[in-house]
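Welcome! Here is a short guided look at one structure. Take a moment with the sequence and the picture, then read on.

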Amino acid sequence: MIDDGRPYGRRAFLALLAGGLSSLAWAQKASSVFSPLPSGFSQLVGNLLPVGGWRIYTISGSMPLFDARDWRLEIDGLVRNKVSLDYETLLSLPRAEQVSTFHCVTGWTVKDVRWTGVRFKDLLALAKPLPEAKAIRFVSMEVPYNDSLTLEQALLPDVMLAHTLDAKPLSRPHGAPARVVIPEMYGYKGVKWLARMELVAEQPPGYWEGLGYDQDAWVGRSNGYHS
């Protein structure tokens, strides 16, 4: 996908294919076989071994491990009430369901994705943002993965914090235990393995924006890369 600020295209992909990885078949244990790996290599493997139409990318080269016993979602920053949600509490919040299309900035798409999760209005109602709060910074368990949305964007009717995919709890490759879903934007805005929501006065750039990608990653209206 992206490493050192440069999108990977067909030539790099074919070079990796020629290197022999084409002989490896995808299996449930593939995430452990290829973890940890350098970011660019991991992303190329994601292209080579798609999972149900998905291509699984990481920044660090390894996917965080989720343990329901000690995971917490912290909601803090410019709020009246700091919130710390455990996994069971997250699942108990009002549920929203939707079917939407997922667009990756590298040019691939997965249609009819069935998400279940919590609308951000319900999460924010717990924390009660202060008037000066204008955006949410999302922090992943995968360091240094982070990104942000304005409050207006986070409150769009089909934006959610998803914990379920196709009627099953999110798997590790898909961002367990929770990930941001915003169908109108490219997938890099949908932070996976979420650990923290920080309410802030100004929208900060995220990891991918630091590499030159657009802050507002609207599908078809931002600097997506297509090979």
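## The loop with P144

In this predicted model, P144 sits in the loop that links β7 to β8. The peptide bond between V143 and P144 is cis, and its omega is about 10°. The two strands on either side of this loop make a hairpin, with 5 residues between them.

## β7 and its partners

How do β7 and β8 pair? They pair in the antiparallel sense, over 5 bridges, with β8 covering residues 146–150. One place to look is A135, which stands opposite T150 in β8.

β7 also has a link to β12, the strand of residues 194–200: the two run antiparallel and are joined by 6 bridges. Here R137 has E198 of β12 as its bridge partner. β7 itself spans residues 135–140 and is mostly covered, since 5 of its 6 residues are buried.

## Another cis bond

A second place to visit is the loop between β10 (168–169) and β11 (179–181), where P177 lies. A cis peptide bond joins A176 to P177, again with an omega of about 10°.

## Two residues with positive phi

Now move to the loop between β9 (160–165) and β10, where D166 is found. D166 is not a glycine, yet its phi is positive, at about 55°. Is D166 buried or partly exposed? Its relative accessible area is 34%, so D166 counts as partly exposed.

A167 is found in the loop between β9 and β10 too. Its phi is also positive, about 70°, although A167 is not a glycine. With a relative accessibility of 62%, A167 counts as exposed, because the cut-off for that word is over 50%.

## A helix with a buried face

Which residues of helix α5 are buried? In this helix, residues 120–127, they are F120, L123, L124 and A127. Looking down the axis of α5, you would find these buried residues within an arc of 95°, so they line one face of the helix. Just after α5 comes K128, with a positive phi near 55°.

## The whole chain

Stepping back, the protein chain holds 6 helices and 12 strands. Of its 227 residues, 49% count as buried. The chain exposes about 10,700 Å², and carbon and sulfur atoms supply 53% of that area.

Contacts also reach along the sequence: among those between residues at least 6 apart, 67% join residues at least 24 apart.

Key:
Residues are numbered from 1 along each chain as its sequence is written. This is a predicted model: local features need pLDDT of at least 70, side-chain atom pairs count only at pLDDT 80 or more; totals for chains, interfaces and linings use all residues. Side-chain values use heavy atoms; hydrogens and water are left out. Buried means under 20% relative accessible area, exposed over 50%, partly exposed in between (1.4 Å probe, protein chains only). Helices (H or I, at least four residues) and strands (E, at least two) are DSSP runs, numbered from the N terminus. Two strands pair if DSSP finds at least two bridges between them. Contact means heavy atoms within 4.5 Å. Accessible areas come from the Shrake-Rupley method with a 1.4 Å probe; for residues, only the protein chains shown count as cover. The arc is that of the directions from the helix axis to the C-beta atoms.
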